[in-house]
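Reader: I'd like to learn how to read charged side-chain pairs in a protein model. Could you take me through some?

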Amino acid sequence: MSATKLAIVGVGKIVRDQHLPAIAANPDFDLVATASRHGTVDGVASYGTIEALLEAVPEVQAVSLCMPPQYRYTAAYAALNAGKHVFLEKPPGATLSEVQDLVRLADSKGLSLFASWHSRYAPAVEAAKSFLASTKINSVHVIWKEDVRHWHPNQDWIWQAGGLGVFDPGINALSIITHILPRALFITKATLEFPENRDAPIAADIQFSDVTQLPVHAEFDWRQTGKQSWDIVAETEAGQMVLSDGGSKLSINAEQTPVQPEREYPALYERFAEIIKAKTSDVDLAPLMHVADAFLLGRHKFVDSFFD
């Protein structure tokens, strides 16, 4: 089969760091166009909007949408309506109802829709899932703390309503625990900390449980300097499991488990090619549902203003 002609909408840092190398290394895709307000890719036709791209390059077969989530639904709807398969960067949308409507549209047109969760493809995640399936889990503690000034400097959209705030990185942790734990989780209590001058939270403390009353505690914070923390610690009958560095390292009872090199985005594009060939979709909304539940159930606490 010939390579799928692909376009990217929203050419920013994540596209340059991750998407472009992954696409270049994958023979199933041929990048033929981009649309972005500011960014371009050398040697690839560029347009200011997705509408202009779709009109000018009708041979495009699939579109990767990498703009902020507040603007993703309109672009995804346009692409699907034009008969294109769609790859959604995480989170897949600003609201659950938006993404559910995109699922409906993709299904009605026989197109593939992919809600990508890159952290699920981190090197140690599957090994962690296998270990947890082999033993009784007593408790889980998620520590996801980083420095927003380092990772998102001067990015106003992330502080706006719909930008998710600290849940932008925190949803990566949620994508992992909803994949590796054996049963569905439910939020029982949450506190979200909002800077007085921002519309999105800078920190969140969340308690989860499942049907067996498993205690799961998640701490998200954007104010951590120095060493960054992206860890999931599970106490089990077989000992302590630590999935660290965003899912790239695994230790069981302080013994490191060998894992393969990191290839999150290459794996995402392999999965996208797979579902296109299978004429199906892959849209798991569990991580986004937990974010929505945290906003719905959580207590809002206002803290000092935050400035970049």
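Reader: How far apart are the N and O atoms where the side chains of R271 and E274 meet?

Author: First, the general idea: a salt bridge is a side-chain nitrogen of Lys or Arg within 4 Å of a carboxyl oxygen of Asp or Glu. Here R271 and E274 make one, with 2.2 Å from N to O. Keep in mind that this is a predicted model, where local features need pLDDT of at least 70 and side-chain atom pairs count only at pLDDT 80 or more, while totals for chains, interfaces and linings use all residues. Residues are numbered from 1 along each chain as its sequence is written, and side-chain values use heavy atoms, leaving out hydrogens and water.

Reader: Where do R271 and E274 sit in helix α8?

Author: Helices are DSSP runs of H or I with at least four residues, strands are runs of E with at least two, and both are numbered from the N terminus. In helix α8 (residues 264-278), R271 and E274 are three residues apart, so about one helical turn separates them.

Reader: Are R271 and E274 buried or exposed?

Author: We go by relative accessible area: under 20% is buried, over 50% is exposed, and in between is partly exposed (1.4 Å probe, protein chains only). R271 has 24%, which makes it partly exposed, and E274 is partly exposed too, at 45%.

Reader: Which residues are joined into one network by salt bridges that share partners?

Author: Those are E193, D221 and R223. Look at one pair there: the side chains of R223 and E193 form a salt bridge, 3.0 Å from N to O. R223 is in the loop between β10 (216-221) and β11 (229-236), and E193 is in strand β8 (residues 186-195), so this pair ties together parts 30 residues apart in sequence. R223 is partly exposed at 37%, whereas E193 is buried at 18%.

Reader: How many salt bridges does a search of the whole structure find?

Author: The search finds 13. Another one pairs E270 with R263, whose closest N and O atoms are 2.5 Å apart. E270 is partly exposed at 39%, and R263 is partly exposed at 38%.

Reader: Now for contacts: what does H290 touch?

Author: A contact means heavy atoms within 4.5 Å. Leaving aside residues up to four places away in sequence, H290 touches L174, T178, L185, F186, I187 and F208. H290 itself belongs to helix α9 (residues 286-297), and its 6% relative accessibility counts as buried.
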